[in-house]
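Okay, thanks everyone, let's get going. I've got one structure to walk you through today, so have a look at it while I talk.

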Amino acid sequence: MDLLRGVNIYLVGMMGAGKTTVGRILARKLKYRFFDTDELIVRVANQSIAEIFEREGEEGFRELETKVLGELSAYKNSVVATGGGIVARSMNWGYLHYGVVVWLDVPVDQLYDRLRSDTARPLLREGEIKSKLQSLLNERERFYTQADVRVSTRGGERPEEVAARAIEEIKKVIKPETGPDLN
């Protein structure tokens, strides 16, 4: 997809939306590198996300997340899967707008099915998972809607199908490079 001219793709959405899975497929199809901000944070901090939340709190985690995103925004030809809450910090949008932001919009029922037995996510440790997911989505949806592209997933859709639809939607927002105006 030469239309992208090296512009990064940033995947946003709720935890469990498939950002990492779809991101790897997109990177392969676009011949881009793939990065996952959560994986990089774990590597940089030399701690699990749960340990970072325990020791530094959510704010400490968000600081690391912003730092990692800032460093990634300097690259080109990259697909970046972000953490679900990255959109809530206005500073992060300064970095995200260096690329095309794609919101993987997945219904809460589907997220619940994917995450109900996941014990590694700090934000889901307390309270009933489905209501916690709905609450987080309610808080973040206004930020997600600022994405350049929205890909709403359907139940039973394979990640390859989501990636293909994402590429089609990205094509709609990329403006072809125009030649010089000779008038």
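Let me start with helix 2, where the buried residues pack against strand 2, helix 3 and strand 3. Before I go further, keep in mind that this is a predicted model.

So which residues of helix 2 are buried? Thr37, Leu40, Ile41 and Ala45. They sit on the same side of helix 2, because the arc they cover around the axis is only 120°. If you want the textbook background, an α-helix has 3.6 residues a turn, so residues three or four places apart point the same way.

Now the two ends of that helix. At the N-terminal end, Asp36 acts as the cap, with a side-chain oxygen 2.8 Å from the backbone nitrogen of Asp38. Just after helix 2 you run into Asn46, which takes a positive phi of about 55°.

Okay, zooming out. The chain has seven helices and five strands, and if you read along the sequence you get β-α-β-α-α-β-α-β-α-α-β-α. Of its 183 residues, 48% are buried. And if you take contacts between residues at least 6 apart in sequence, 73% of them join residues at least 24 apart.

On to the sheet. It's an open one of five strands, paired in parallel, and the order is 2-3-1-4-5. Which strands stand at the edges? Strand 2, residues 33-36, and strand 5, residues 149-152; each has a single partner strand, so one side of each has no neighbour in the sheet. From one strand to the next, the twist averages 20°.

Have a look at strand 1, residues 9-12, beside strand 3, residues 78-81: they run parallel and three bridges join them. In that pairing, Tyr10 of the chain stands opposite Val80 in strand 3.

Helices pack on this sheet too. Our friend helix 2, residues 37-45, touches strand 2 and strand 3, and its direction makes about 65° with that of strand 2. Helix 7, residues 159-173, packs on the sheet as well, touching strand 1, strand 4 and strand 5, and its direction makes about 155° with that of strand 5.

Next, the core. The largest nonpolar core has 57 residues, and the ones that touch the most other members are Ile9, Val79 and Val102. Which element gives this core its largest share? That's helix 3, residues 49-72, with seven residues.

Let's stay with Ile9 for a second. Leaving out neighbours within four places in sequence, Ile9 is in contact with Leu4, Leu30, Ser78, Val79, Val80, Val100, Val102 and Ile170.

Last bit: a couple of backbone oddities, if you like Ramachandran plots. Arg5 isn't a glycine, but it has a positive phi of about 50°. You'll find Arg5 in the segment before strand 1. Is Arg5 buried, exposed or in between? Arg5 is partly exposed, at a relative accessible area of 41%.

Asn77 is another one: also not a glycine, with a positive phi of about 55°. Asn77 sits in the loop between helix 3 and strand 3, and at 35% relative accessibility it counts as partly exposed.

Right, that's the tour. Happy to take questions.

Definitions and conventions
Residues are numbered from 1 along each chain as its sequence is written. This is a predicted model: local features need pLDDT of at least 70, side-chain atom pairs count only at pLDDT 80 or more; totals for chains, interfaces and linings use all residues. Side-chain values use heavy atoms; hydrogens and water are left out. A nonpolar core is a set of buried Ala, Val, Leu, Ile, Met, Phe, Trp, Tyr and Cys residues joined through side-chain atoms within 4.5 Å. Buried means under 20% relative accessible area, exposed over 50%, partly exposed in between (1.4 Å probe, protein chains only). Helices (H or I, at least four residues) and strands (E, at least two) are DSSP runs, numbered from the N terminus. Contact means heavy atoms within 4.5 Å. Two strands pair if DSSP finds at least two bridges between them. Axes are lines fitted to C-alpha atoms, for helices over the stretch in contact, and angles run from 0 to 180 degrees between N-to-C directions. The arc is that of the directions from the helix axis to the C-beta atoms. A polar contact is a pair of N or O atoms within 3.5 Å; within protein, one must be able to donate a hydrogen and the other to accept it, and residues adjacent in sequence count only if both atoms are side-chain atoms.
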